[in-house]
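User: Could you walk me through this model and show how each label follows from its value?

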Amino acid sequence: MIEIKDLHKSYKMGSNSLHVLKGINFNVEDGELVAIMGSSGSGKSTLLNILGMLDEADSGTYVLDGIPIKNLNETKAANYRNKFLGFIFQSFNLINYKTALENVALPLYYQKMPRKQRQEKAMKYLEQVGLKEWSHHLPSELSGGQKQRVAIARAMVAEPKVLLADELTGALDSKTSYEVMELIQNINDQGNTILVVTHEPDIAQMCKRIVHLKDGVIVKDEKVKQVRAKVNV
Amino acid sequence: MKFLFDKNTWQEIFGSIGKNKTRTIITVIGVLWGIFIYIVLAGASTGLDNGFERNFESVAKNSIWTWSQSTSMPYAGYKTGRRLTIKVQDATTLQNRIPEIQYIAPVNTKGVFGGEAALGVRGLKSNSYPVYGYFPVIAKMATQKIYDNGRFINEEDEDQARKVCVIGERTQQELFEKDEDPIGGYIRLDGIYFQVVGVHKFTQTTPFGTDGDVYIPFSTFRKLYNTGDNAQYFTIAAFDDADVVQVEKDIKSVLKSIHNVHPDDERAFGAFNLGEVFGKIMGFANGLTFVSLIVGLATILAGVIGIGNILLISVKERTKELGIRRALGATPREVRSLIILESVFLTMIAGIVGIIMGAGVLNLINNATQDIEFPYTNPTVPIPLVIGALLVMVVLGTLIGLIPAQRAVSIKPIDALREE
């Protein structure tokens, strides 16, 4: 699903440049649940941003489901993001003046889907994350876990090839974190490919594979025995 | 352009506008005020314009009155201070020599410029009234509204020096009973019986008219008061496209040559040039219209800049939201059009509300000035001006929206997302 070869990225910080990614090679197969782990500054968020086409690599190749991702202009990147990727953020990033339902339906709006169809589909995904009754509430009326579940529904609604989660449990207490991870595992069980960036070992253990990043290189890439989140709930 | 008519686009715009009500209202007020001022000013200046037009509507706007005075320079053997009198036949000469003259008529009066007015008597009632010896052509220069059943002096009256008269409203009230029809009745003017053929409604058609004026044929006047070939003044109307200032000069120089007056003698002949006065007033009114247009547009501009300003702030405020939208697949184009459409939409709403309020206020002013002596009639704003203003607002709204829109897309989605 994802093929990355020799990915480099550096940021200019005044006169000196900061080499963040120093040649990353890795592949993700269909249906995998991968955790990208590393301490802060290891380059994991940068990697995720490049995977999410929010940022561009300096060199190296990135192929997503057979499509080479390079030389994207903003419009093309936006279209690819909309079609191929679902984002889940640490700070949820819901639009605060839109209801849960409207938030979930937003990616479909950018797919030019008619309103009615959009809302039906959004409702279906809200139901899947167990928030059907909360569909007409504003984000400010939801708890952190609920917000993140709305965000997950929003990431899922466009049926993307890959879900990218950036510290999705970072703003949640551990009980809620496990609930959210349970949802992620369920989604993965349905065959969706998911990448999770985290620095929490227990969250990483709930994935099927852990990629350890350190100082811009992959130091360890291992398959692990998945811990089902349900046990901890 | 398709997205313009897409219900979804508008739902997004209403969503973002409706959820920020205070901001929206404050934004709208700026432009609303601008267009309101514009409409009221434009309407008021049109009202003044119309008011002036109405005040002058009964007079040919290119009218000139000219009369003779005394010379102030010796010339051709004549000494200075010679009293001049214009003659009836001068009118024909003027008409022949100056092609710009459409109509010209000599007038004699009694009791208008000093002197004793004629004594009008009917039965036991009497009063003195100014009398004018008029040619029928006067009606074409200074439209006299004649009450029903009556008429103005006509050619036959003039040719046969008939003893007929057109009386004023006041004359009628003073000499006739209330329910009496004055047409066909007789009044005695300075001892001679005249038949009343019409009653004129008083309008200020000469700088000196009153509602008691009595008009009689010029030839009758000549016989009655023994004026011979003398005339007191000429009423002249130039063609509409004539340069009235030049016509006045030509008239004076022709008169000077007829009467052996030094060509540079400024005092020999007097003239009142309504065309010139009218031109000045209309110039003033036009200037006013122009100024109000400029002021109005400037106010609209200020309002639109206000919208741009607030949108710029709101874009800054919404950086994160726009970043989320872009992460979810909004193209830069879609983000840009969202901001611009918001700008245009707010401008239009403000504009339309402002126009409606402006029209309301104009209507109130119109009602309030209905019955007072004030040159203010029918304060309308021409539709092209309104459409023009709306267009200007759309264009300005778009242009000003471009700035925040460009700013919104210039931020990378990743940076936008990082912003807290």
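Analyst: Happy to; below, the labels are set against their cut-offs, and please keep in mind that this is a predicted model.

User: Let's begin with chain A. What is its make-up?

Analyst: Chain A has 8 helices and 10 strands. Of its 233 residues, 48% count as buried. Residues 24 or more positions apart account for 68% of the contacts in chain A with a separation of 6 or more.

User: What makes helix H1 of chain A largely enclosed by the rest of the structure?

Analyst: The test for a buried residue is 20 or more other C-beta atoms within 10 Å of its own. In H1(A), residues 44-51, 8 of the 8 residues are buried, so the helix is largely enclosed by the rest of the structure. Those buried residues include charged Lys44(A), along with Ser45(A), Thr46(A) and Asn49(A). Leu47(A), Leu48(A), Ile50(A) and Leu51(A) are buried as well. Just after H1(A), Met53(A) takes a positive phi of about 60°.

User: Why are H5 and H6 of chain A called roughly parallel?

Analyst: The axes of H5(A), residues 144-157, and H6(A), residues 174-189, cross at roughly 20° and come within 9 Å. Angles under 35 degrees count as roughly parallel, and therefore H5(A) and H6(A) get that label. As for handedness, H5(A) passes H6(A) in a right-handed crossing.

User: Which residues meet between H5(A) and H6(A)?

Analyst: From H5(A) come Gly144(A), Gly145(A), Gln148(A), Arg149(A), Ile152(A) and Met156(A), which meet Thr176(A), Glu179(A), Val180(A), Leu183(A) and Ile187(A) of H6(A). By class, that contact has 5 nonpolar, 4 polar and 2 charged residues. The glycines fall under polar in this scheme.

User: How do you know that chain A touches chain B, and what does chain A bring to that side?

Analyst: Two residues are in contact if their C-beta atoms lie within 7 Å, and 20 residues of chain A are in contact with 20 residues of chain B. The elements of chain A giving two or more residues to that side are helix H2 (74-84) and helix H3 (100-109). H2(A) gives the most, with 6 residues. The side of chain A that touches chain B has 10 nonpolar, 5 polar and 5 charged residues.

User: On to chain B. What is its make-up?

Analyst: Chain B comes to 13 helices and 14 strands, and buried residues make up 41% of its 420 residues. Residues 24 or more positions apart account for 81% of its contacts with a separation of 6 or more.

User: What makes H9 and H12 of chain B roughly parallel?

Analyst: The axes of H9(B), residues 274-317, and H12(B), residues 383-410, come within 9 Å and cross at roughly 25°. With the cut-off at under 35 degrees, that makes H9(B) roughly parallel to H12(B). The crossing of these two helices is right-handed. Among the residues of H9(B) that take part are Leu297(B), Ile300(B) and Gly308(B), while those of H12(B) include Ala389(B), Gly397(B) and Arg407(B). The contact divides into 17 nonpolar, 3 polar and 1 charged residues.

User: Where does the "transmembrane region" annotation fall in chain B, and how do you know that?

Analyst: It comes from an unreviewed UniProt entry and covers residues 25-44, 290-315, 335-361 and 381-403 of chain B. Such annotations may be inferred rather than shown by experiment. In the model, residues 25-44 of chain B are 100% helix and 0% strand, with the end C-alpha atoms 27 Å apart. Residues 290-315 of chain B are also 100% helix and 0% strand, and their end C-alpha atoms lie 37 Å apart.

Methods
Residues are numbered from 1 along each chain as its sequence is written. Chains are lettered from A and ligands numbered from 1 in the order in which they are written. This is a predicted model: local features need pLDDT of at least 70, side-chain atom pairs count only at pLDDT 80 or more; totals for chains, interfaces and linings use all residues. Axes are lines fitted to C-alpha atoms, for helices over the stretch in contact, and angles run from 0 to 180 degrees between N-to-C directions. Helices (H or I, at least four residues) and strands (E, at least two) are DSSP runs, numbered from the N terminus. Angles under 35 degrees count as roughly parallel, over 145 as roughly antiparallel, 65 to 115 as roughly perpendicular and the rest as oblique. A crossing is left-handed if the near helix is turned anticlockwise from the far one by less than a right angle, and right-handed if clockwise. A residue is buried if 20 or more other C-beta atoms lie within 10 Å of its own, exposed if 12 or fewer, and partly exposed in between; C-beta atoms are placed from the backbone.
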